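Open the model in your viewer and have the selection tool ready. This tour goes stop by stop, each time saying what to select and what is there.

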Amino acid sequence: MTKTAQIAVTVNGEKYVEDVPVRMNLADFLRTKLGLTGTHVGCEHGVCGACTLFLDGVTARSCLTLAVQADGAQITTIEGYETVKNASDLIKNFHNRNALQCGYCTAGMLATSIEYIEQGNPADREKVKEHISGNYCRCTGYQAIVDAICTTIEERQG
Amino acid sequence: MSGPATIFDKPRDYIGKSIPRSDAARLLRGQGRYVDDMQLPRMVHAVFLRSPYAHAKINSIDVSEATQAAGVIAVYTGKDIAKHVEPYIGVLSHLPGLRSPAQYPLAVDVARWQGEPVAVVVCTSRALGEDALELINISYEQLPAVTDTLDALSSESPLIHNEYDSNLAWKREVEAGNLEEAFAKEDVIIVEKQIKFGRHTGVTLETRATICDYIPGDDELIMYYAGQAPHMLQFILAKHMNMLEENVRVVAHDVGGSFGIKVHTYGDEIATAIIAKLLRRPVKFTADRLESFVTDIHARDHVVDAKIGVRKDGSIVGMGFNDFTGIGPFSMYPRTSAIECNQILNLTGAPYQFEHYHAVGNVVFQNKTLMCQYRAVGHPIAMAISDCMLEEAARAIGMDPVQIRRKNLIPDDAYPTKSATGMRFDDLSHHACLDKLLTIMDYDALLADQAENRDNGIYRGIGFVSLVEVTNPSPMFYGIGGAPIASQDGATVRLDAAGALHVSSSVTEQGQGTNAILQQIAADVFGVAMARVKVTTGDTATVPYGGGTWASRGAGIGGEAMLLASHALKEQVLDVAAVILQAKPDELDIAYGEVVMKDTGEQKISLGDLAKIVYYRGNELPDDLQPELIATRHYRVTDFPFVFTNGAMAAHVEVDTNTGFIKILHFWAVEDCGRVINPQLVDDQIRGGVVQGIGGALYEECVYDTDGQMQNATMADYLVPMASEMPEITVAHVETYTKTSVLGAKGAGEAGTGGAPAALMNAVNNALAPLDCGMWQMPMTPERVLRALGKIG
Amino acid sequence: MKAPDFSYEKPTSISDVLSLLANDELDCQLLAGGQSLMPMMNFRMANPGTLVDISGVSELAGITECTDTIKIGAMVRYCELEQSTIIKTHCPLINLVLPYVAHAAIRNRGTIGGSIGLSDPAAELPAVLLALDGSIEVTSGDGVRLEPASSFFKGVYETACEPDELITKIILPKAHSQQKFGFHEVARRHGDYAMAGVCIAQDSDLSIRVAFFGVADKAIRATNVEKLLSGSASFSQDLIKDAQNATSEIEFEGDMNASPEAKQHIANVVLERALKGMK
């Protein structure tokens, strides 16, 4: 019989207490137990980056994190980036610059972009590309995403 | 009232503008509706057991232990599933001689590729289902695997299908003029190369997924579908499950990338539908990434012996090649695994004028994953064969690669015209695109940079491609051969009581912006703000009957239908308005949601007010007026089998001769796709396409061992392009509208992928030319570059 | 690819960890950062009966500066190493290497203990330890011992740490001002496992340690190369060429990206680039 445990997590500011199979990963927990389907699964081996979100303030691959490991943690997902992460301007620039097509990489791409900007990094295209090089996008060819991130940094610098 | 051609008499608000997509707003907030996001009541999961062998007899399957495992609802073998389905055969009558045996969703007696499903567990969760798979006992008897395309044709090769005399699926020969005779002439300089293209695959970030549900009483099957062609699937499910087509509904919401991967018929998806009908409850199947690598269609596995003959003045005498392509053990249903080869036979050399052509295509069965249409179908290979051989010929005669193109590209004023192989062209602009390309890339500056770097032992190269791309296909592409694939599409536009426009279309969205351009066209042609246009696509129950999105037909065909329908509705509305306003219809127009006087712009009545009269207060209208505030129009291309586009592209690379690494310094693409509806969407489609082409040119390859085991079926080992290595891509356009439609739009989604590999191989060979070596195999990996340089081996 | 079922324990002390590991019936595997173990479990290539999550063991945390050494707790994550001023000041080689380890999200969770304990032949940190001649503190029911890095890495996923033992600290000598370090790696894409890489440390007495990764069945010191290079303050092109010839002592192993010959060739290229870039 699958083993279970009870966990308490805060996601996008909301508290949840749930029973989870111990082997369930955080991505599946969010998607199937909490109905927060904005976090996507692309490979389940940590390489494509689609599942990237914020775990206790830093980015993490939710497919490589067990839900039980997130007990007591603060999680922020794409459903919360506008409100919890103050990323409205980044989201606006992604939208205006067409930095997403099918939208499947977007949750992870936003997490990684927010991290880059929060760390005070410059609007340097090569540096940006290096930072997002762990997030696979098949649609855009990456250029629009780099544009949107650089525009956001430049706007914030005024 | 004037015809739709007058639509472009005045400047447009939306068509031609880079407007952000409405769909993106919710996707950016995690509000996508991808198949795997859906949970339905009583939903269970289909988990497939797959053959670990490329070729094996299935002697027995014991599911008794698995059936008892936790959470298991049912277990089916291939034989079980076969009882409930008509097998399918991937042949079409317009590809004479193509043969393929009947194929079942799961292997029945023999597994013929590593990854072919052999049994399926239906379970309350995917995890429990995977546990149960381990309890299924299968006795396999391994058979020799056929894994080398050329060896597969030898008389000693094991046969994949005993009912056939060989492993050849199809062969076609195309001839024009007399190549052998022409090449025998003294003044012809002949260049011969064997070019190898690596098998690779789509790697859509959202893997294939489906939820199938069956409603007893209605006898209704619903498939929630992450794919491109809902009506085709509707036909296929109905036909092969022996159901009435009208009782099958296919619904596509958001799709996480497709690129052709999700337009084909997959046994595991069909089996999921069968199981839903048997169990009378929703069944979800989501491929995981490992399954994806060994079941999503593969493409572009070719060995080509090519030759080109030119005269000293650079003019092409002729081109010829013998192409051997390895597919899977079956031709994919229903589009066939022969189309890619057929495209290569039809399109190699298409941009150029020459008299002699002799090409043979051999499509060969393999015990590997099935193969079928993937973005730019055949074009990457066709353009590479002609343009890489052309630049090699240029080197042989000491001519600049741009000059040799000038000499041979079809003149821009030659249209309409035909290629040597009978392809009909109109409205192309090869020279204009090349002109523009040379300007935006500053070719002279790059040449100077190249010379300077060579002096310092740094090897940079510039490579070009002139390409055509098939778009907006007519019935000649599939329908003529008996495929249930619509080549016409429809649009319905409906004015509602609040003055909003609800539009639906039979083309579909996978992220390229289909919904957005339909919205732009409807808003612009009808006369409302874009924000008031709601778009529905993807549901066979509610949209017009059509073909979906493939072969870059969304804008050209779907867009034209939307234009015609929007214009028709406008006429209908103005007819009603004329009665209400006691005016003549041709005195009126619609602008920004208002009926206005055409000459002064004076607003007379809002669309909402007009609609409310029609819908609620019909008593105010004359008895003989029955207004229709809804219009449907369909469109298909009739003048040509396809509407070709053309482009010119260039790559600037640096080859590190120590490590074999190729760095792409920049890429330029000039594309003529006719009228550009949304420049930002089109340009980014081209960029995405170029990067996908870079994948095939430098990184991506499905590596198989001699036993037919795929060696690199993970994201860590199969290398897709990631951001750090990708260049900036400059895109520009020439706009030669197609005369086949009012909209004048051709397709744009695939050109980047069709052209990039040729330009890159040319750039690499241009870089290596002083070192007397060349690259004639893709992907051009560091190891292959080092071997070409003689640094190893 | 869902992981098989397992029991989950989250002990809070080293002794609790060891009791769990000692219990054969539990069939334990340690979970540190999970960035290597979780993929293997999702592939069902790892199937432990019990996962022992050691992230709650406070004795495994922290970076401590001692007189001559830096002691790094096994649970210290890559991102902590990146942000640590102690590491920046006293272990510059680690700082050179970290930007090449996977990507930020992986470095936020992956741990030094996990990397050392796994001994992936293409990983950077084992080679860093070899180049710095560090040691690994291993704690077992029998007590605590120090394993020198030079004998710790035995093969693919094989180390001198037994299944019932726990890596508790990584110990590195503090860098001296006259020391020089070199590092170069070549990977198909940024963040990928290296096609070939090398870590070099040159001491003030001009002795030198050259550790390759990504080319053999483990991170490995090229002792013949070291013999040729030691004693030289600078490296002439001829000396570099001799050193490159000496790399043939290594048993090069091919992988998806490169045959053994290509591995050797690229190993020679990274050696030259690392030597030329030493600082």
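Begin with two helices of chain B, and keep in mind that the model is predicted. Select B:Ile686, B:Arg687, B:Gly688, B:Gly689, B:Val690, B:Gln692, B:Gly693, B:Ile694, B:Gly696, B:Ala697 and B:Leu698, which are the residues of α17(B) that meet α18(B). On the other side, add B:Ala751, B:Gly752, B:Thr753, B:Gly755, B:Ala756, B:Pro757, B:Leu760 and B:Met761 of α18(B). Colour the selection by residue class: this contact has 10 nonpolar, 8 polar and 1 charged residues.

Now show both helices in full. Helix α17 of chain B covers residues 679–699, and helix α18 of chain B covers residues 751–768. How are two packed helices described? By the angle between their axes and the distance between the axes. Here the axes come within 7 Å and cross at roughly 45°. α17(B) and α18(B) are therefore oblique to each other. The crossing of this pair is right-handed.

**Where chain B touches chain A**

Keep α17(B) on screen and display chain A as well. In this contact, 43 residues of chain B meet 41 residues of chain A. Which elements of chain B give two or more residues to the side that touches chain A? They are α1 (23–27) and α17 of chain B. The largest share of that side comes from α17(B), with 8 residues. By class, the side of chain B that touches chain A has 20 nonpolar, 13 polar and 10 charged residues.

**Chain B as a whole**

Select chain B alone and zoom out. Chain B contains 19 helices and 31 strands. Its radius of gyration is 28 Å, close to the 28 Å that the globule rule gives for 793 residues, so chain B is as compact as a globular protein of that length. Turn the chain along its principal axes, and the C-alpha trace spans about 90 × 70 × 45 Å.

**Chain A as a whole**

Next, select chain A alone. Chain A has 5 helices and 5 strands. Trace the chain from the N terminus, and the elements run β-β-α-β-β-β-α-α-α-α. The radius of gyration of chain A is 16 Å, close to the 15 Å from the globule rule for 158 residues, so chain A is as compact as a globular protein of that length. Along the principal axes, its C-alpha atoms fill a box of roughly 55 × 30 × 20 Å.

**Two domains in chain A**

Give residues 4–80 of chain A one colour and residues 88–157 another; the domain assignment calls them domain 1 and domain 2. How far apart do the C-alpha centres of the two domains lie? They lie 22 Å apart. The contact between the domains takes 14 residues from domain 1 and 11 residues from domain 2. Select strand β3 (residues 52–55) of chain A: with 3 residues, it gives the most to the side of domain 1 that touches domain 2. That side of domain 1 has 6 nonpolar, 8 polar and no charged residues.

**Where chain A touches chain C**

For the last stop, show chain A with chain C. Their contact takes 23 residues from chain A and 24 residues from chain C. Select β4 (58–61) and α4 (125–131) of chain A, each of which supplies at least two residues of the side that touches chain C. The largest share of that side, 4 residues, comes from β4(A). By class, the side of chain A that touches chain C has 6 nonpolar, 11 polar and 6 charged residues.

Key:
Residues are numbered from 1 along each chain as its sequence is written. Chains are lettered from A and ligands numbered from 1 in the order in which they are written. This is a predicted model: local features need pLDDT of at least 70, side-chain atom pairs count only at pLDDT 80 or more; totals for chains, interfaces and linings use all residues. Axes are lines fitted to C-alpha atoms, for helices over the stretch in contact, and angles run from 0 to 180 degrees between N-to-C directions. Angles under 35 degrees count as roughly parallel, over 145 as roughly antiparallel, 65 to 115 as roughly perpendicular and the rest as oblique. A crossing is left-handed if the near helix is turned anticlockwise from the far one by less than a right angle, and right-handed if clockwise. Two residues are in contact if their C-beta atoms, placed from the backbone, lie within 7 Å. Ala, Val, Leu, Ile, Met, Phe, Trp, Tyr, Cys and Pro count as nonpolar, Asp, Glu, Lys and Arg as charged, and the others, Gly among them, as polar. Domain bounds come from an automatic or database domain assignment. The radius of gyration is taken over C-alpha atoms; the globule rule is 2.2 Å times the number of residues to the power 0.38.
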